[in-house]
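Have the model open in a viewer and follow along from one contact to the next. We'll begin with charged pairs, then move on to helices and a few backbone oddities.

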Amino acid sequence: MTLQGIGASDGIGLGKVLPVRPASLDYSAVVSGGPEIERGRLTAAIARFTETTTAMAESLRADVGEKESEILTGQVVMLSDPFMQSQMTDCIDGGQCAEAAVDQVCSSFMAMFAGVDDEMMRQRATDIGDIRSRMLSILLGREATDLSRLPENTVLVVHDLTPSMTVGMDRKHVAAIVTEVGGRTSHPAILARAMEVPAVLSVANVVDTLAEGQDIIVDGAAGVVLTAFDETTRQQYEAKRAEYLHQRELLNVYRDRPTVDADGNHYGLYANIGSAAEAQAAADAGAEGIGLFRTEFLFMDRTAAPTEEEQYEAYAAVAKIMAGKEVIIRTLDVGGDKAVDYLQMEPEENPFLGHRAIRYCLDRPDLFRVQLRALLRAGAVGKNIKIMLPLVTSVEEIRKAKALLEECKAELKAEGKDFDGDIAVGIMIETPAAAWIADLLALECDFFSIGTNDLTQYTMAVDRGNAKVAGLYDTLHPAVLRSIRSVIAAAKAAHIPVGMCGEAAADPRLTPLLLRWGLDEFSVSTSSVLSTRAQIHRWHREDAEMVTEHAMDCATAAAVAERLSQ
């Protein structure tokens, strides 16, 4: 039998199933000892959670990486939120035991975050679910499953791979991971890729479907789990696994090479990041710059906006890490589907078309000024920072943002503070409006970066978080490809650099088209840097032209995909 899920971490895993079922968290027999006693139990449990989670974060930071440890430290921040804790104590004062208070409040927060369209926001629900389970375990005195000693070639089959599970995990014996929930950008996916373990996510009811000790094969690239197979099939997958490991090892030769095509033409190969810690990982992986620093992560998992000094320190740290290499920092991209509690954004019926990104920032100059001042000051550190405005749809938006930036320059000059007076300002092209007037926008910008994730969504009028229409979301659709081509052409005509920071930048099928059209910079996830450099390295301009001509003659996305796969 073959089970289909979402391929979240490449590779082939062969091994025996170990279903991980959580211990019972039933607290129906617990009786409240009174508000004072239950508040004391809650306070002690929070202290224990904070202590153990902080220790686990340090362990995860040492073993896996900074980005992955931040998932756990974020949980500490969430649970320390006074609002969440006050709701729990209110429940206790109403006569509930500590367990019921934790369950009720966490469940309420989980339902709130699970209902939004943004994948990153939905991860908050997963985090709070992890907090709920571990807090209840502490209150009930029940231990989690021990994963520190595992048999060789173990395939972990879990409902959800939480960060706390990975701490102390016997990773060298984990052949693969299969979960019942999660997508490519979910925490389980991030953790699996960081551990370099093949993973298939969102396989319905898999924990109850597979038996302990059952032999299975996990194909992390195809998103397939084989539960019944013959010896010939096993040997085929063992060969595929060996070849995959061999190819991954070969990519290391590209780590310190320049990013050039087969004709010697140079391109920028940058990384997308969300924190200063990720910048170091990107530099270590061979990235030649930062093509997208998502600053919204600085504003999340906290109770107030970061100060100018906090933002300055974060931006300056990345500038120093990259040591003179370009760092493109996107201004705050929140609103609608990316809610930040303390900003008190109003719910919207259609958040993707709502009050978000540059629209929100221009309406909140108090908030925007703080970020622009921090960016200008950090720009003086290495003279390598560029400012990028998200979701631009008009010339007016760029002019308003630049006018505000000039006001910030005047303020800093009057205060005698160092800043980069010549800092470059560009935009993300991620709407059909921006694509259609790219020639006009180019006159106002120092650079373009194409955000294919949203450009595809808006061009195709497809909510990429809606499973019923997910099949229509395809960057290879002729409409999307024509938009990309025209944007690059507009940038070339205006003599400004143009990059791409969407997922499509790492898609090997698109590499010849992007080279042919003249894309200057590819900005990809850190894990895709070497494979993208290898793809660029293999293409001659003449071959790319031929492939592009054939692909652009196609009338459907399926036809384009078939041509490019050939």
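**Charged pairs and what they join**

Glutamate 444 and arginine 399 make a salt bridge, with their closest N and O atoms 3.0 Å apart. This pair ties together distant parts of the chain: glutamate 444 sits in the loop between α17 (438–442) and β14 (448–450), while arginine 399 belongs to helix α15, 45 residues apart. Glutamate 444 has a relative accessibility of 16%, and since the cut-off for buried is under 20%, it counts as buried. Keep in mind that you're looking at a predicted model.

Stay with helix α15 (residues 395–415), because glutamate 411 is there too and pairs with arginine 373 in helix α14, 38 residues apart. Their side chains meet in a salt bridge at 3.1 Å, N to O. The two ends of this bridge fall into separate classes: glutamate 411 is partly exposed at 28% relative accessibility, whereas arginine 373, at 9%, counts as buried.

Which residues do salt bridges with shared partners join into one network? They are Glu308, Glu309, Arg369, Arg373, Arg377, Glu407, Glu411, Glu415 and Lys417. So the glutamate 411 and arginine 373 we just met are both members. By the salt-bridge rule, the count for the model comes to 30.

Arginine 369 is a good member of that network to zoom in on. You'll find it in helix α14 (residues 365–382), partly exposed at 23% relative accessibility. Leaving aside residues up to four places away in sequence, it touches Leu404, Glu407, Cys408 and Glu411. Two of these names, Glu407 and Glu411, you've already seen in the network. For a backbone view of the neighbourhood, take the C-alpha atoms of arginine 369 and alanine 401: they are separated by 9.7 Å, with the two positions 32 residues apart along the chain.

One more charged pair is worth a look. Aspartate 366 and arginine 364 bring their side chains together in a salt bridge of 3.0 Å, N to O. Aspartate 366 is partly exposed at 49% relative accessibility, and arginine 364 is partly exposed as well, at 25%.

**Helices side by side**

Now swing over to helix α10 (residues 276–284) and helix α12 (residues 308–322), which pack at an angle of about 10° with their axes 9 Å apart. Angles under 35 degrees count as roughly parallel, so that is how α10 and α12 are described. What kind of residues make up this contact: nonpolar, polar or charged? They divide into 8 nonpolar, 1 polar and no charged. On the α10 side you have Ala276, Ala279, Gln280 and Ala283, and they meet Ala314, Ala317, Val318, Ile321 and Met322 in α12. The spacing fits a general point about helices: with 3.6 residues a turn, residues three or four places apart point the same way.

Helix α19 (residues 478–494) lets you do a quick length check. At 1.5 Å a residue, its 17 residues should span 24 Å, and the end C-alpha atoms are indeed 24 Å apart, which agrees. Its buried residues are Pro478, Val480, Leu481, Ser483, Ile484, Val487, Ile488, Ala490 and Ala491. Just after α19 comes histidine 495, with a positive phi near 60°.

**Positive phi in loops, and a strand contact**

Histidine 495 has company. Asparagine 153 is not a glycine either, yet its phi is positive, near 60°. Asparagine 153 is in the loop between α5 (119–140) and β4 (154–158), and at 39% relative accessibility it counts as partly exposed. Serine 202 likewise has a positive phi of about 60° without being a glycine. Serine 202 lies in the loop between β6 (199–201) and α8 (206–209) and is partly exposed at 29% relative accessibility.

Asparagine 153 also leads us to our last stop, as it is one of the residues touched by leucine 14. Leucine 14 is in strand β3 (residues 12–20) and is buried, at 12% relative accessibility. Its other contacts, again not counting residues up to four places away in sequence, are Ala175, Ile216, Ile217, Arg234, Tyr237, Glu238 and Arg241. Finally, find aspartate 219: its C-alpha atom is separated by 8.9 Å from that of leucine 14, although the two are 205 residues apart along the chain.

Methods
Residues numbered from 1 in each chain as written. Predicted model: local features only at pLDDT ≥ 70, side-chain atom pairs only at ≥ 80, totals over all residues. Heavy atoms only, no water. Helix = DSSP H or I, 4+ residues; strand = E, 2+ residues; numbered from the N terminus. Buried < 20%, exposed > 50% of the residue type's maximum accessible area, 1.4 Å probe, protein only. Contact = heavy atoms within 4.5 Å. Expected span 1.5 Å × (residues − 1). Axes fitted to C-alpha atoms, helices over the stretch in contact; angles between N-to-C directions. Parallel < 35°, antiparallel > 145°, perpendicular 65-115°, else oblique. Nonpolar A, V, L, I, M, F, W, Y, C, P; charged D, E, K, R; others polar. Salt bridge = Lys/Arg side-chain N within 4 Å of Asp/Glu carboxyl O.
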